[in-house]
Every structure is written in C-alpha cells, then in structure tokens.
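Grab a pencil and work through these exercises with the structure open in your viewer. Each task comes with a solution you can follow step by step.

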Amino acid sequence: MRKYRHEYKYICNSVQNAVLKMRTRGLLKVDKHASDKGYYYVRSLYFDSINDNCYYENEIGIDQRDKYRLRIYNSKADIIHLEKKSKCRQMTLKKSCMISREICEQLIRGSKVIVTDEMSQEQKELIMELQVKNLRPVVIVEYQRFPYVERNGNVRITFDENIRTSNSVDSFLDENIVTRPIMEAGKFVLEIKWDEFLPSYIKSHIQIDGLQWSSFSKYYLCRKYNTYGGIRT
C-alpha cells in the first residue's frame, strides 16, 4: 500500500547549494541511477485542464491537489513514465507506471487511448483519469538533478539545477529540445523527502533552518514564467 511522504522544498543560492551538496555527499549515498558525475537529467511534460485548474490550485495554495505528467530521463525515450502526484499539505503520494511510446504519443496529441485488459491497473487508472478530466499537455519542465538517498527513514535529498522550460509539448520525446531558464541566476531548488521520520543526524548535519522554504512547484514556476509573463532577473 502506497503511503504519503513528507516533502519540503527550499530555494538556495549558489554558495548554499555547494555547501549543502558537500555535506549531503558526505552523509548520504548517491542514487544508483545517477551517472558517474553524480546526476541525471529529468524531463517532464505536465497536463492541465482547459481552465488551468492545476496551475491556479497551486497559486492559491489548495491543500489537496493532483498533478499529472509524463517523464523521461537523460533525454531518452526508451523508458517513459506516466505519473500522478498527489499533495496534501506537505505530504505527497506518487502513482507511476511505464507506458509505450505509442500511448505516450497519443496522450501528447490528445487522442483517445483505448484501455485494454492487457494494461496494468496503474495504466488503466491513470489513462482513464487523464481522459475523464479532459487534461491536455501544457508545458515541459527539464532540469539537472543530483540525488542522494538514505535507507534509514527512506530519505531522499535532491539538488535541482539548470531548471528550464518549453511550451513545445510536441517535442517532448525529441532528444534535443529548445528550452529557456525560469529561475534567477544563482538560484537552485533543494528537495527533502522522507517517510515517517527524518533522522536527527541528517537534519543537524545538513542544517537547512536558514533556507528559504518554497511552496511552489517547478510546474507552477514554469507555467508562470513561460506562459503568464512572470519576470525573471
């Protein structure tokens, strides 16, 4: 049974990012999916309703909300995930399944996907939810992620850099796409996730108390700056 996880996000500057990454590297293990340089690239294609309900729910801070997305790694479309991320206050729950390139392309085009008996339960549920809610692809989010993990507490700490966006949703599966940055120069996102508890030795060693907590998601920021004319400096 899936459980909600704690999730906290912080905005940090270049000095904070470097110091905290060094501390984390000395305490946690690098995620096994990272390259020998310690990172991988994440690219997501987010869906929203015709009235942009997901965007506005995030903006006004609705406690319970869902986001749907397609996700690939390192610009490779050989493995494609369809995901639903649910949030309740500072707790999150993710449901994920792999889908074929054919189904992915249908979802990007907005074509009806036929749900079959051969599909997994997760595939059936997520595809049906997308179609019943009449969600359509709206924005691409791409970034470089440095991931660290700790089995005790199922802790995951990630440093996300070079966060970029594109409105060219049809190019999601292309290896090379044109994107633009959405954060101020020298600003980065730190995310800390855990299950029932965050071990005290991790919290005290990393020392996150002085950081700027953020309630907004990368999806929200990319929509705001890429679609609604937010100002970057």
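**Exercise 1. Work out how Glu-83 and Lys-94 are connected, and where each one sits.**

Solution. Keep in mind that this is a predicted model.

- Step 1: Look at the side chains. Glu-83 and Lys-94 form a salt bridge, with N and O 3.9 Å apart. The cut-off for a salt bridge is 4 Å, so this pair counts.
- Step 2: Place the partners. Glu-83 belongs to strand β5 and Lys-94 to strand β6, with 11 residues separating them along the chain.
- Step 3: Check burial. Glu-83 has a relative accessible area of 2%, so it is buried. Lys-94, at 41%, is partly exposed.

As background, side chains of opposite charge can pair when their charged atoms come close.

**Exercise 2. Trace the salt bridge between Lys-85 and Glu-7, then find the network around it.**

Solution.

- Step 1: The N to O distance for Lys-85 and Glu-7 is 3.0 Å.
- Step 2: Lys-85 is in strand β5 (residues 76-88) and Glu-7 is in strand β1, so you're looking at partners 78 residues apart.
- Step 3: Both ends are buried: Lys-85 has 12% relative accessibility, and Glu-7 has 3%.
- Step 4: Follow the shared partners. Salt bridges tie Glu-7, Lys-9, Lys-85, Arg-145, Asp-160, Glu-191, Lys-193 and Lys-218 into one network.
- Step 5: For the overall tally, the whole structure holds 23 salt bridges.

**Exercise 3. Which parts of the chain does the salt bridge between Asp-52 and Arg-136 tie together?**

Solution.

- Step 1: Start with the contact. The closest N and O atoms of Asp-52 and Arg-136 are 3.4 Å apart.
- Step 2: Asp-52 lies in the loop between β3 and α2 (53-60), while Arg-136 is in strand β7, so the bridge ties together parts 84 residues apart in sequence.
- Step 3: Compare the two ends. Asp-52 is buried at 9% relative accessibility, whereas Arg-136 is partly exposed at 28%.

**Exercise 4. Map the strand partners of β1.**

Solution.

- Step 1: Take β6. It runs antiparallel to β1, and 2 bridges join the two strands. Here His-6 stands opposite Met-91.
- Step 2: Move on to β10. It also pairs with β1 in the antiparallel sense, over 8 bridges, and Trp-194 is the bridge partner of His-6 in that strand.
- Step 3: Add β11 (residues 212-214), which is antiparallel to β1 and joined to it by 3 bridges. In β11, Tyr-10 has Trp-213 as its bridge partner.

**Exercise 5. Is β4 largely enclosed or largely open, and which strands pair with it?**

Solution.

- Step 1: Count the buried residues. In β4, 7 of the 10 residues are buried, so the strand is largely enclosed by the rest of the structure.
- Step 2: On one pairing, β3 and β4 are antiparallel over 6 bridges, with Phe-47 opposite Tyr-68.
- Step 3: On another, β4 and β5 are antiparallel over 9 bridges, with Tyr-73 opposite Lys-76.
- Step 4: Look at the hairpin turn. There are 2 residues between β4 and β5, and Asn-74 takes a positive phi near 55°.

**Exercise 6. Describe the lining of the largest pocket.**

Solution.

- Step 1: The volume of the largest pocket is about 840 Å³.
- Step 2: There are 33 lining residues, and those closest to the pocket centre are Tyr-73, Lys-94, Arg-145, Arg-156 and Lys-193.
- Step 3: Elements giving two or more residues to the lining include β1 (5-13), β4 (64-73), β7 (136-150) and α6 (218-226).
- Step 4: Sort the lining by class: 19 charged, 9 nonpolar and 5 polar residues.

Notice that Lys-94, from Exercise 1, turns up here among the residues closest to the centre.

**Exercise 7. Why is Cys-88 in no disulfide?**

Solution.

- Step 1: Search the whole structure, and you get 0 disulfides.
- Step 2: Check the distance. The closest cysteine sulfur to that of Cys-88 is in Cys-54, 16 Å away, which is too far for a bond.
- Step 3: Check the surroundings. Cys-88 is buried, with 16% relative accessible area.
- Step 4: Try Cys-97 as well. Its nearest cysteine sulfur, in Cys-104, is 11 Å away, and Cys-97 is in no disulfide. Cys-97 is buried too, at 7% relative accessibility.

Conventions
Residues are numbered from 1 along each chain as its sequence is written. This is a predicted model: local features need pLDDT of at least 70, side-chain atom pairs count only at pLDDT 80 or more; totals for chains, interfaces and linings use all residues. Side-chain values use heavy atoms; hydrogens and water are left out. On a 1 Å grid over the protein atoms alone, a cavity is a set of points where a 1.4 Å probe fits but cannot get out, and a pocket is an open set with protein on both sides within 12 Å along at least five of seven lines; lining residues have an atom within 4 Å of a point. Grid points are joined across faces, edges and corners, and a volume is the space filled by probe spheres set on the points. Helices (H or I, at least four residues) and strands (E, at least two) are DSSP runs, numbered from the N terminus. Ala, Val, Leu, Ile, Met, Phe, Trp, Tyr, Cys and Pro count as nonpolar, Asp, Glu, Lys and Arg as charged, and the others, Gly among them, as polar. Two strands pair if DSSP finds at least two bridges between them. A disulfide is a pair of cysteine sulfur atoms within 2.5 Å. Buried means under 20% relative accessible area, exposed over 50%, partly exposed in between (1.4 Å probe, protein chains only). A salt bridge is a side-chain nitrogen of Lys or Arg within 4 Å of a carboxyl oxygen of Asp or Glu.
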